[in-house]
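Grab your favourite viewer and work through these exercises. Each one sets a task and then walks through the solution step by step.

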Amino acid sequence: MKKHIFNAGPCKLPASTLENTAKAILELNNSGQSILEVSHRSKDFQAVMDETIELFRETFNIPADYHVLFVGGGASTQFATVPMNFLKKKAAYINTGVWSEKAIKEAKLFGEVEIIASSEDKKHTYFPKGIKIPTDVDYVHITTNNTIYGTEIFEDLNSPVPVIADMSSDIMSRPVDVTKYALIYGGAQKNLGPAGVTFVIIKDEFLKTAVADRPIPTMFKYSVHAKSGSMNNTPPCVNIFALKETLAWVKSVGGVKKMEKNAIERADMLYAEIDRNKLFSAPVEKGSRSRMNIVFVLNEKYAPLQDEFIKFASERNIIGIKGHRDVGGFRASAYNASLIEDVKALVEAMKEFEKLKA
Ligand SMILES: *Cc1c(COP(=O)(O)O)cnc(C)c1O
């Protein structure tokens, strides 16, 4: 039986992604070869690449004057690639926890960093509001969903300077006004596909006019990937294929709007139970609570039951709910492919556990 997967990443994927990728691993479209074997320069793979980019554009409503790139290295490599390309003198960063801190650390290698907002004072249990963006910076960087602490912003910033966003863990979980961003990046493995492929959405005008005057190694130049259609070197072919299958699934079930509706439904159900249940509570402020990563803890009196609840849940086929080592407690990650049935199973387990322990 398929488990109720709440892993923070790599994530649960739609059944059609798994089935169709498995088929393509055996044979890609009657080509006589596996997607693992096919040349990335072949007509067969080019068709996969073209379709993936097309589906990405369509699903996420990306204007024609943006490129969609697929690269390696994970979102973590983008932490460095972004400032390497675009930090001339000073950049503004919003600090909402571990992932933004990692991005800030890399940016400091290339120029000045101004932290314009931070949730550090309350252990990153809220998303800073009313962020004032200065005009004397090359760009502002934001992490839209904080996978570890479970905070999320649900609107697109209005900014006088280019906005660069790490959307690793909430991409395509709500409609986004892409025109408000100069660059959006993320690892695919949270909401879209398997690990090993990183997406970059970049505005052509920004790429043409904003690149810093410093030597940049070839593989770290966005312009190289844009010019070559993400084919400067061998792309992660099978990961891109799986990504395409997830995008096709998103489209077939009703697009990003439907993903948002599902995400709200799942998150509301789980937070309602956390708030109701005597054993548990949610540390994140209402209004900042992530729909993707739902963080909760045992109330002090019940804190010693931590491991017991994880075991209790796993006996009910619920896996991946252990909190991040920096936060403790529990974290249920409910990405695009998560089912309401998965959340119902977890809610049932919480209710049963309460009956036994409270
Ligand atoms: C997981 C995650 C990353 C790191 O992604 P990798 O692809 O593993 O490098 C960066 N940012 C956020 C918000 C994440 O959730």
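**Exercise 1.** Work out whether threonine 21 is buried or exposed, and find what it touches.

*Solution.* Start with the accessibility: threonine 21 has a relative accessibility of 10%, so it counts as buried. Buried means under 20% relative accessible area, exposed means over 50%, and partly exposed is in between (1.4 Å probe, protein chains only). Before going on, keep in mind that this is a predicted model: local features need pLDDT of at least 70, side-chain atom pairs count only at pLDDT 80 or more, and totals for chains, interfaces and linings use all residues. Residues are numbered from 1 along each chain as its sequence is written, and side-chain values use heavy atoms, with hydrogens and water left out.

Next, place the residue: threonine 21 sits in helix H1 (residues 15-26). Helices (H or I, at least four residues) and strands (E, at least two) are DSSP runs, numbered from the N terminus. Last, list the partners: setting aside residues up to four places away in sequence, threonine 21 touches Val238, Phe241, Ala242 and Glu245. Contact here means heavy atoms within 4.5 Å.

**Exercise 2.** Find where proline 10 lies and which residues it is in contact with.

*Solution.* Look in the loop between strand S1 (4-5) and H1, where proline 10 lies. Its relative accessibility is 48%, so proline 10 counts as partly exposed. Now check across the chain: the C-alpha atoms of proline 10 and alanine 188 are 8.6 Å apart, although 178 residues separate the two along the chain. Leaving out neighbours within four places in sequence, proline 10 contacts Gln189 and Ala195.

**Exercise 3.** Gln189 turns up again here: describe the shell around the ligand.

*Solution.* First, the residues: there are 14 around the ligand, and Ser76, Thr147, Asp166, Gln189 and Lys190 come nearest. To be near, a residue needs a heavy atom within 4 Å of the molecule. Sorted by class, the shell has three nonpolar, nine polar and two charged residues. (Ala, Val, Leu, Ile, Met, Phe, Trp, Tyr, Cys and Pro count as nonpolar, Asp, Glu, Lys and Arg as charged, and the others, Gly among them, as polar.) Helix H3 (residues 74-86) gives the most to this shell, with four residues.

Then the polar contacts. From a polar side-chain atom to an oxygen atom of the ligand, the distance is 2.4 Å for threonine 147, 2.6 Å for lysine 190 and 3.0 Å for glutamine 189. Finally, the cover: on its own the ligand has 390 Å² of accessible area, and the protein covers 88% of that. The areas come from the Shrake-Rupley method with a 1.4 Å probe.

**Exercise 4.** Sort out which residues of helix H9 (residues 306-314) are buried and what they pack against.

*Solution.* Begin with the buried set: Phe309, Phe312 and Ala313. These span an arc of only 95° around the axis, which puts them on the same side of H9. The arc is that of the directions from the helix axis to the C-beta atoms. Flip to the other side of H9 and you meet Asp307 and Lys311, both exposed. As for packing, the buried residues of H9 sit against strands S11 (280-281), S12 (293-298), S13 (318-319) and S14 (330-333), plus helix H10 (340-357).

**Exercise 5.** Follow glutamate 354 in helix H10 and list what it touches.

*Solution.* At 10% relative accessibility, glutamate 354 counts as buried. Not counting residues up to four places away in sequence, glutamate 354 touches Arg276, Asn277, Lys278 and Leu279.

Technical notes
Polar contact = N/O pair within 3.5 Å; in protein donor to acceptor, adjacent residues only side chain to side chain.
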